[in-house]
Amino acid sequence: MSPARRCSRTACGRAAVATLTYVYADQTAVLGPLSTYAEPHAYDLCEAHSERLSAPRGWEVLRLAADLSSQGPSSDDLLALADAVREAGRPVAPLRVAPAEETGRETGRRGHLRVLTTD
C-alpha cells in the first residue's frame with residue numbers, strides 16, 4: 001500500500017487498497033488488489049469503499065482476491081535479483097577481432113582513435 005495513493009472517491013482521504021477497472025464490452029466491473037501504478041482509467045478504492053462497491057444494473061462485479069502471501073518479494077524474486085546483479089558485475093571479455101589491413105601510417109593517437117596518413 002503506497003501512502004501517496006488515496007481513495008478515488010470524493011471527500012475520502014483514506015489509503016487505497018484496491019483498484020477498480022471496467023470492461024465495457026463485457027459489462028463487468030473488476031475489483032482487484034492495488035495496481036502497481038496509478039492508471040488514468042482505473043479507480044483506487046479504500047477498504048470501506050471496495051467492500052460496498054456496486055455496479056450498474058445488468059453488470060457483473062468480479063472481485064479478485066488479494067493473495068496476502070504475495071505481498072513483497074518472494075525468495076525466487078530475491079534470487080533472480082541477486083543473479084542479475086552478479087551477471088552485471090562480471091567483467092566483459094574484450095572482443096578479439098583481427099585488425100584490417102592498414103593502408104596508412106599512424107601519426108598520432110588520442111584515446112582509442114588513431115590519426116593515419118595516406119602515402
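**Exercise 1.** Which residue in β2 is the bridge partner of Thr-21?

*Solution.* The model is predicted: local features need pLDDT of at least 70, side-chain atom pairs count only at pLDDT 80 or more, and totals for chains, interfaces and linings use all residues. Residues are numbered from 1 along each chain as its sequence is written, and side-chain values use heavy atoms, with hydrogens and water left out.

Step 1. Strands are DSSP runs (E, at least two residues), numbered from the N terminus. Two strands pair if DSSP finds at least two bridges between them.

Step 2. β1 and β2 run antiparallel and are joined by six bridges. Within this pairing, Thr-21 has Val-30 as its partner, and Tyr-22 stands opposite Ala-29.

Step 3. Four residues lie between the two strands of this hairpin; in the turn, Gln-27 has a positive phi of about 50°.

**Exercise 2.** Determine in which sense β3 and β4 pair with their neighbours.

*Solution.* Step 1. β3 (residues 43-45) pairs with β1 over three bridges, in the antiparallel sense; here Tyr-43 is the partner of Leu-20.

Step 2. β4 (residues 60-63) pairs with β2 over four bridges, in the parallel sense; Val-61 is the partner of Ala-29.

**Exercise 3.** Identify the residues of the largest nonpolar core and the strands that supply them.

*Solution.* Step 1. A nonpolar core is a set of buried Ala, Val, Leu, Ile, Met, Phe, Trp, Tyr and Cys residues joined through side-chain atoms within 4.5 Å; buried means under 20% relative accessible area (1.4 Å probe, protein chains only).

Step 2. The largest core has nine residues: Cys-7, Cys-12, Ala-18, Leu-20, Ala-29, Leu-31, Leu-45, Cys-46 and Leu-53. β1 (18-23) and β2 (28-33) each supply at least two of these residues.

Step 3. In β2, five of the six residues are buried.

Note on methods. Buried means under 20% relative accessible area, exposed over 50%, partly exposed in between (1.4 Å probe, protein chains only).
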